[in-house]
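Trainee: I have a new structure on my screen and would like to walk through it with you. Could we take it step by step?

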Amino acid sequence: ANKGPGSGIRVEGNGNVLVGNKISKLNTSGIAVVGNGNLLDANLVRKQQGDGITVDGDDNVLTDNKAVSNKGVGIRASGAGNPGDSTGNSVDTNRIKPQCIIYGVTTPPTCLNK
């Protein structure tokens, strides 16, 4: 998804897999997921007017995602889950701090802040 109004990808449900998506320059959020047991791997979200990647639900896993230069948070996962399952997520120059927070953890290897 490139340059347009609205959200890049919005998913509601359980057990979805989002891999290798590249989203840039949209007006709102890049990737928004609501549900449990979803996997987000190797997605790149940059230059959103809002948040980069947000995940609301339990037992979601985020690996090797990158969020750069978003006006909101870079990567956020809230709910109940094991932050140790999520690794290699990198954030850089997102406006809201902490730029990356996955189930309460903001430090490597879960979140890599540049």
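Trainee: Happy to begin! How many helices and how many strands does the protein have?
Mentor: Keep in mind from the outset that this is a predicted model. From the N terminus on, every entry in the run of elements is a β. The tally is therefore zero helices and 14 strands.

Trainee: What radius of gyration does the protein have, and what would a compact globule have?
Mentor: The chain has 114 residues, and for that length a compact globule would have a radius of gyration near 13 Å. The C-alpha trace spans about 35 × 30 × 20 Å along its principal axes. The protein's own value agrees with the globule figure: it is 12 Å.

Trainee: Which strands form the open sheet with parallel pairing, and in what order?
Mentor: Start from the edges, β3 (17–19) and β9 (61–63), each of which pairs on one side only. Neighbouring strands of this sheet are turned by 5° against each other on average, direction ignored. Three strands take part, and their order is β3-β6-β9.

Trainee: Which residue stands opposite Leu-18?
Mentor: Look at where β3 meets β6, the strand of residues 39–41. The two run parallel and are joined by three bridges. Opposite Leu-18, in β6, stands Leu-40.

Trainee: Which cysteines does the disulfide join?
Mentor: The cut-off is a pair of cysteine sulfur atoms within 2.5 Å, and by this rule the count comes to one disulfide. Its S to S distance is 2.0 Å. The partners are Cys-100 and Cys-111.

Trainee: In which strands do Cys-100 and Cys-111 lie?
Mentor: The two cysteines are 11 residues apart, and the pair links distant parts of the chain. Cys-100 belongs to the strand of residues 100–102 and Cys-111 to the strand of residues 111–113. Those strands are β13 and β14.

Trainee: Is the link of Cys-100 and Cys-111 left-handed or right-handed?
Mentor: Go by the angle about the S-S bond, which is -65°. The link is left-handed.

Trainee: Are Cys-100 and Cys-111 buried or exposed?
Mentor: Buried means under 20% relative accessible area, and 41% of the 114 residues count as buried. Cys-100 falls in that class, and so does Cys-111; both are buried.

Trainee: One more, please: what share of the accessible surface belongs to carbon and sulfur atoms?
Mentor: The accessible surface of the protein comes to about 5200 Å². The share of carbon and sulfur atoms is 50%.

Methods:
Residues numbered from 1 in each chain as written. Predicted model: local features only at pLDDT ≥ 70, side-chain atom pairs only at ≥ 80, totals over all residues. Heavy atoms only, no water. Pairing = 2+ DSSP bridges. Helix = DSSP H or I, 4+ residues; strand = E, 2+ residues; numbered from the N terminus. Axes fitted to C-alpha atoms, helices over the stretch in contact; angles between N-to-C directions. Rg over C-alpha atoms; globule rule 2.2 N^0.38 Å. Buried < 20%, exposed > 50% of the residue type's maximum accessible area, 1.4 Å probe, protein only. Areas by Shrake-Rupley, 256 points an atom, 1.4 Å probe, with all protein chains shown as cover.
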